[in-house]
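Here's a quick briefing to read alongside the model. Have the viewer open and follow along, topic by topic.

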Amino acid sequence: MADDYCLIDASRPPRVDGPPYAECVLCREPTEYPESYKGATLCPVCEWREAERTSCSG
């Protein structure tokens, strides 16, 4: 498989259909994740930037 060399954990919290939403840990904007989720949540913009920053460049 082509992705075997990438060791980044891509697990995500479950998405929710409506408020209350958790705040992004970087910019404090609402995310797509439930407020009750325990862990670091990112808004779509910060999630995209983080994925670019940490992507495997193999």
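**Cysteines without disulfides**

A search of the whole structure turns up zero disulfides. Keep in mind that this is a predicted model. So why does Cys 24 stay unpaired? Its closest cysteine sulfur, in Cys 46, sits 3.7 Å away, which is too far for a bond, given that the cut-off for a disulfide is 2.5 Å.

- Cys 27 is in no disulfide either, and the nearest cysteine sulfur, that of Cys 43, is 3.7 Å away.
- Cys 24 counts as buried, with a relative accessibility of 0%.
- Cys 27, on the other hand, is partly exposed, at a relative accessible area of 32%.
- As a reminder, a disulfide is a covalent bond between the sulfur atoms of two cysteines.

**The overall layout**

- The chain has one helix and two strands.
- Starting at the N terminus, the order of elements is β-β-α.
- Of the chain's 58 residues, 19% count as buried.
- About 4800 Å² of the chain is exposed, and carbon and sulfur atoms supply 54% of that.
- Take the contacts between residues at least 6 apart in sequence: 17% of these join residues at least 24 apart.

**Salt bridges**

Side chains of opposite charge can pair when their charged atoms come close. How many salt bridges does the count come to here? The answer is two.

- One of them joins the side chains of Arg 28 and Glu 23, with an N to O distance of 3.4 Å.
- On the Arg 28 side of that pair, the residue is exposed, at 53% relative accessibility.
- Its partner Glu 23 counts as partly exposed, at 45% relative accessibility.
- Arg 53 and Glu 50 also meet through their side chains in a salt bridge, at 2.7 Å from N to O.
- Both Arg 53 and Glu 50 belong to helix α1 (residues 44–54), where they are three residues apart, about one turn of the helix.
- Arg 53 is exposed, with a relative accessible area of 61%, while Glu 50 is partly exposed at 27% relative accessibility.

**Arg 28, a backbone oddity**

- Arg 28 isn't a glycine, yet it has a positive phi of about 70°.
- Where does Arg 28 lie? You'll find Arg 28 in the loop between β1 (21–23) and β2 (30–34).
- So this loop residue is the one whose side chain meets Glu 23 in a salt bridge, and its 53% relative accessibility makes it count as exposed.

**Thr 31 and its surroundings**

- Thr 31 is part of strand β2.
- Is Thr 31 buried or exposed? Thr 31 counts as buried, because its relative accessibility is 4% and the cut-off for buried is under 20%.
- The Thr 31 side chain reaches the backbone oxygen of Ala 22 at 2.9 Å.
- A polar atom of that Thr 31 side chain also lies 3.1 Å from the backbone nitrogen of Tyr 33.
- Leaving out residues up to four places away in sequence, Thr 31 touches Tyr 21, Ala 22, Glu 23, Cys 24, Thr 41, Leu 42 and Cys 43.
- That list includes Glu 23, the salt-bridge partner of Arg 28, as well as Cys 24, which is buried at 0% relative accessibility.
- Cys 43 is on the list too, and its sulfur is the one nearest to that of Cys 27.

Terms used
Residues numbered from 1 in each chain as written. Predicted model: local features only at pLDDT ≥ 70, side-chain atom pairs only at ≥ 80, totals over all residues. Heavy atoms only, no water. Salt bridge = Lys/Arg side-chain N within 4 Å of Asp/Glu carboxyl O. Buried < 20%, exposed > 50% of the residue type's maximum accessible area, 1.4 Å probe, protein only. Helix = DSSP H or I, 4+ residues; strand = E, 2+ residues; numbered from the N terminus. Contact = heavy atoms within 4.5 Å. Areas by Shrake-Rupley, 256 points an atom, 1.4 Å probe, with all protein chains shown as cover. Polar contact = N/O pair within 3.5 Å; in protein donor to acceptor, adjacent residues only side chain to side chain.
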